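Colleague: I would like a close look at a single part of this model. Please take one helix and tell me how it is built and what surrounds it.

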Amino acid sequence: MRLFKRAKKKDGWLAVAIGRDGVAITSIKRAPEARPLVHFAQFFPGNSGVETIEKAGREGQASVRHCTTLLTGGDYQILNVEAPNVPRDEMKTAVRWRLKDILDFPAAEATIDVLDIALDANSRAQQSVFVVAAKNSIIAPRQKLFLDAKVELTAIDIPEMAQRNVSAMLEPEGRGIAMLSFGDDGGLLTVSYRGELYLSRRFDVTLAQLLEPDHDRKHASFDKITLELQRSLDHFERQYSFISVAKLILGPSSVTGLEEYLSSNLYTPVETLNLATLFDLSRTPELADPAQQQRFFLAIGAALRDGEGA
């Protein structure tokens with residue numbers, strides 16, 4: 001979301017992900033012809049107050065990096081709406097007007113951003129855009145938190161874009177990738193193609209439910225996920241017929257049995273991501289643990305962002 005002025009002196013990104021049980025921070029270093037290096041990954045348990053963010057900024061060397069923080073699923077809405085037929089510099093104003101009857105809060109009280117959805121040259125689909133809308137009452141306290149901690153924010157991110165950054169690294173030539181991850185606020189399904197986000201869906205199944213020791217309750221969650229995936233991917237195929245989804249990638253986690261269950265119930269190949277196949281983890285050996293990979297997954301995705309824009 002384009003909320004802050006661009007900085008000029010920083011090198012790379014520090015991503016700060018605030019969760020229910022603490023704050024995860026990470027930074028990525030890129031090198032030509034090499035896997036991106038996860039330079040560090042650190043977790044600060046407990047509350048996410050000013051002292052914690054200040055410590056995270058100090059440990060993460062925020063003074064020499066661009067800094068981004070992630071909203072959580074309940075902090076914003078992401079909507080696929082028909083693109084207004086207006087010049088690009090008038091897009092946000094036109095979209096805000098259109099949101100008046102869509103948002104569950106007044107559009108005048110929203111911070112918004114617009115993400116393009118590219119179409120195939122031969123597609124007959126209506127041009128649409130993703131609109132991200134968050135209440136100012138959520139954005140302002142997040143800004144103040146970092147301001148009080150003396151950590152300069154360059155951008156505020158959403159999980160969809162962080163996940164897209166990772167899935168884009170997995171795309172086969174000319175095909176798309178579906179990715180499904182789970183956290184405290186539920187499941188997130190995205191589809192990326194040519195490095196762009198095309199689909200975003202939230203599933204009402206949390207990571208805790210998937211780690212449920214009771215077999216019946218756990219498999220009830222598996223059934224729910226399977227049904228939602230079938231519906232979402234079938235709808236996506238109809239809407240974007242020019243995109244062939246190569247596979248479904250499950251985000252890293254310590255959940256057992258889900259990959260096998262989905263593989264036996266979906267026509268799309270299913271794999272579970274191990275971050276070690278994409279990143280150099282030599283400086284962060286603790287990320288060999290799937291549970292730690294899950295904890296830092298979205299922060300790593302956010303730290304992959306390019307440039308200084310939002």
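Modeller: What follows is a walk through helix 8 and its setting, with a few other places for context. Keep in mind that this is a predicted model.

Start with the length. Helix 8 covers residues 290-303, which is 14 residues. At 1.5 Å a residue, it should span 20 Å. The end C-alpha atoms lie 19 Å apart, so the two values agree. The helix is kinked nonetheless. The kink is about 50° and is centred on Phe-296.

Now the start of the helix. A side-chain oxygen of Asp-289 comes to within 3.1 Å of the backbone nitrogen of Ala-291.

Which residues of helix 8 are buried? They are Gln-293, Phe-296, Phe-297, Ala-299, Ile-300, Gly-301, Ala-302 and Ala-303. The kink centre, Phe-296, is thus on the buried list.

Gln-293 deserves its own look. It sits in helix 8. Its relative accessible area is 2%, so Gln-293 counts as buried. The cut-off for that is under 20%. The side chain of Gln-293 reaches the backbone oxygen of Leu-287 at 2.8 Å. Beyond its neighbours within four places in sequence, Gln-293 touches Pro-252, Leu-273, Asn-274, Leu-275, Ala-276, Leu-281, Leu-287 and Ala-288.

Next, the sheet. Five strands make an open sheet with mixed pairing, in the order 3-2-1-4-8. Strand 3 (37-45) and strand 8 (155-157) are the edges, each pairing on one side only. On average, neighbouring strands are turned by 20° against each other, direction ignored. Within the sheet, strand 1 (residues 13-18) and strand 4 (residues 66-70) run parallel and share five bridges. Val-16 stands opposite Thr-69 of strand 4. Helix 1 (residues 50-59) lies across strand 1, strand 2 (22-29) and strand 3, and runs at about 160° to strand 3. Helix 8 also packs on this sheet, touching strand 1, strand 2, strand 3, strand 4 and strand 8. The direction of helix 8 makes about 45° with that of strand 2.

Two loops by these elements hold residues with positive phi. Glu-33 is in the loop between strand 2 and strand 3. Its phi is near 60°, and Glu-33 is not a glycine. Glu-33 has 84% relative accessibility, so it counts as exposed. Gln-61 lies in the loop between helix 1 and strand 4. Its phi is about 55°, again positive in a non-glycine. At 40% relative accessibility, Gln-61 is partly exposed.

For context, turn to helix 6. It takes in residues 215-239, 25 in number. The expected span is 36 Å and the end C-alpha atoms are 36 Å apart, so the figures agree. At its start, a side-chain oxygen of Asp-214 reaches to within 3.2 Å of the backbone nitrogen of Asp-216. Its buried residues include Phe-222, Ile-225, Leu-229, Leu-233 and Phe-236. Among the elements covering them are strand 9 (176-183), strand 10 (186-193), strand 11 (196-203) and helix 7 (258-263).

Strand 11 holds one more buried polar residue to check. Ser-200 is in strand 11. At 11% relative accessibility, Ser-200 counts as buried. Its side chain makes a polar contact with the side chain of Glu-160 at 2.9 Å. Leaving aside neighbours within four places in sequence, Ser-200 is in contact with Ile-78, Phe-130, Glu-160, Leu-188 and Leu-189.

Note on methods: Residues numbered from 1 in each chain as written. Predicted model: local features only at pLDDT ≥ 70, side-chain atom pairs only at ≥ 80, totals over all residues. Heavy atoms only, no water. Helix = DSSP H or I, 4+ residues; strand = E, 2+ residues; numbered from the N terminus. Expected span 1.5 Å × (residues − 1). Bend = angle between axes of the 7 residues up to and from the residue. Buried < 20%, exposed > 50% of the residue type's maximum accessible area, 1.4 Å probe, protein only. Polar contact = N/O pair within 3.5 Å; in protein donor to acceptor, adjacent residues only side chain to side chain. Pairing = 2+ DSSP bridges. Axes fitted to C-alpha atoms, helices over the stretch in contact; angles between N-to-C directions. Contact = heavy atoms within 4.5 Å.
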